[in-house]
Amino acid sequence: MDGYGVWSLEEVHDGRGGGEELEGGGVDADVDSPFCVVQLPSVDAAKKLLRRSVLAHSIHELWGTAPSLSALHPIIQSQTAHLWPRYKDCSFKFVVDAYQGAHSNKERLAIIDTFSYLPFDGPIRMSNPDETFTVFEFWPFNSVPLKIQHPDMVRLGRFVASSARDIIHRYDLKKRGYISTTSMDAELSLVTANIALAAPGKLFYDPFVGTGSFPIACAHFGAIGWGSDIDGRSMRGEGDNKAKSLPGNFAQYGLKPQLGGFFSADLTNTPIRRRRTWDGIVCDPPYGVREGLKVLGLKNPENATWLIELGINEWQSPDYVPPKKPYSFLAMLDDILAFAADTLVDHGRLSFWMPTANDEEQEIPVPTHPCLEVVVVCVQTFNKWSRRLITYQRLPDSQVSSSDLEAHEKRRREAAAAHTGTTADDLNPFRRGYFRKFEAEAS
Amino acid sequence: MKVLSLNFLTCAVKACKSSSSSYPLHPRDAELVQDEIEVNPDMLVNVLPRLDWAALRTTSSELGFPPLPEQPPTQEELRADDKLVRDLHHLLLETQISEGKLVCANCGHEYAVKEGIANFLLPSHLV
């Protein structure tokens, strides 16, 4: 499959966007293996399951599993004979997929020839056959240099469907007209939109939109994407060439009809009405390492009366840039959750990225809100830190306890009062750890 | 900025949030442009319950559109009424404010719209 292991399971498990509820389950997977066996009610269900998936590669009807090729044949012969007549006359081909192993062409042919007992009379076609049968092999790690002779496991499968994985190339940042240093890569943007269940007719919003990676991914799945940013320049783009702008990016992919709108705004002073509006909120908030975490306001209002005067006199000037101050990372997380609780529709999803240290002592816990239920947490691990993609769903009010809500509000007010530092480091434990290389903090 | 977006936005000043006159924002000197977008009835039916109908009627008349019905249609009524679907689609999604101002009737603050992008960033005395 790919480098995101369990992720694809979560994505596929949850791949019911567009209101497609799938029965099934019985997922059998090993994180070290690229293969995952799922029980599904029908071939159509398998196709539906993969249609939106970005992380899975393809899905096949499993004909048999065995520890070796010679042990596989009796299983195929005894358990799949009832399927053989269906493929008697169609065109077909056989391929060998050796994970962590290698074969010469001659060896591949020899493997394929061992299946000659299958009564398939149709023509063999190497391009666009009606049916493709794959011999999957799972070899031990490093088997080629270690000269290991046999795979640990062999399977035969009939190809059912490919995933949507090829769309990653279409949205590749290297081919996008307008990006910035912190644009989210195509694959992870699409995964985020998928896991938040972006689908036709739905409304999605990104409060830290930048150059628009998330709304574009949501628009790909048919949703309409809105976004805002505290820095208007990132949305307007460069110079007079309007191709290099956020709307220009939508135009590049033919997604203009899915462009909701963009505006300059700060989440702590948002113009969005507190009303249940969005089907999904997706974002990668600035965490203060590459992009400073700032909100509107003055760091030292008492020493900067001239800045306030300037604001009073100049705010209507087109060149006026309002002052900003550093803000607490933890308070920002709370603000995002509170905003999502107020503006998501019932069962609407919030999906956002959050960094944390791998060291347990410095780990930042997954933020919680009584109105939001955690659906899944996916982790991408780097050396000493990782980032998590956390997905919540908005519970209907009938499932939210009002005493939990009151306790949460009280805790949030107390935390806000405690976040009183003024420098970026004081306010942001992750940034502090990052620049200390996550060594223990001297107290 | 689409008329639909305007229905989701109010004055960014915190003190205005409790005042009913801070919503909807009122377009002033608005230059309108029309985009041609394919009609998507499912999307409109999905959005209908989230619209503030009274505010939409205000915005629509301020922008010089023919009056909307006093009461919003139900989702079933909208689905069955092709003309209303087209009219709403034209107003909410195809009509955009490209230049102008959005004004709060409570505090009088004006938010500039340039190249279709509104600026809701507040100067320090309003934060």
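Read from the N terminus, the elements of chain B follow the order α-β-α-α-α-α-β-β-β, in a model that is predicted. Chain B thus holds five helices and four strands, and strands of chain B also take part in an open sheet of 11 strands that includes strands of chain A. The points below take up chain B, that sheet with its pairings in chain A, and a helix contact in chain A.

**Chain B**

- For the 127 residues of chain B, a compact globule would be expected to have a radius of gyration near 14 Å, and the value of 15 Å for chain B agrees with this.
- The C-alpha trace of chain B spans about 50 × 30 × 20 Å along its principal axes.

**The sheet across chains A and B**

- The 11 strands of the open sheet are arranged in the order β14(A)-β15(A)-β13(A)-β10(A)-β7(A)-β8(A)-β9(A)-β4(B)-β3(B)-β2(B)-β1(B), and their pairing is mixed.
- At the edges stand β14 (372-381) of chain A and β1 (26-34) of chain B; each has a single partner strand, so one side of each is left without a neighbour in the sheet.
- From one strand to the next, the twist averages 20°.

**Strand pairings within chain A**

- Strand β7 (residues 203-206) of chain A runs parallel to strand β10 (residues 278-283) of chain A, the two being joined by two bridges, and A:Tyr205 has A:Ile281 as its bridge partner in β10(A).
- Strand β10(A) is also joined, by five bridges, to strand β13 (residues 344-357) of chain A, again in a parallel pairing, in which A:Cys283 has A:Phe352 of β13(A) as its bridge partner.
- Strand β13(A) in turn is joined by nine bridges to strand β15 (residues 385-394) of chain A, and these two strands run antiparallel; here the bridge partner of A:Ser351 is A:Thr391 in β15(A).

**The contact of helices α6(A) and α7(A)**

- Helix α6 (residues 186-195) and helix α7 (residues 213-220), both of chain A, have axes that come within 8 Å and cross at roughly 60°, and α6(A) and α7(A) are therefore oblique to each other.
- The crossing of α6(A) and α7(A) is right-handed.
- On the side of α6(A) the contact is made by A:Ser189, A:Leu190, A:Thr192 and A:Ala193, while α7(A) contributes A:Ser213, A:Phe214, A:Ala217, A:Cys218 and A:His220.
- The residues of this contact between α6(A) and α7(A) comprise five nonpolar and four polar residues, with no charged residue.

Definitions and conventions:
Residues numbered from 1 in each chain as written. Chains lettered and ligands numbered in written order. Predicted model: local features only at pLDDT ≥ 70, side-chain atom pairs only at ≥ 80, totals over all residues. Axes fitted to C-alpha atoms, helices over the stretch in contact; angles between N-to-C directions. Parallel < 35°, antiparallel > 145°, perpendicular 65-115°, else oblique. Left-handed = near helix turned anticlockwise from the far one by under 90°. Contact = placed C-beta atoms within 7 Å. Nonpolar A, V, L, I, M, F, W, Y, C, P; charged D, E, K, R; others polar. Pairing = 2+ DSSP bridges. Rg over C-alpha atoms; globule rule 2.2 N^0.38 Å.
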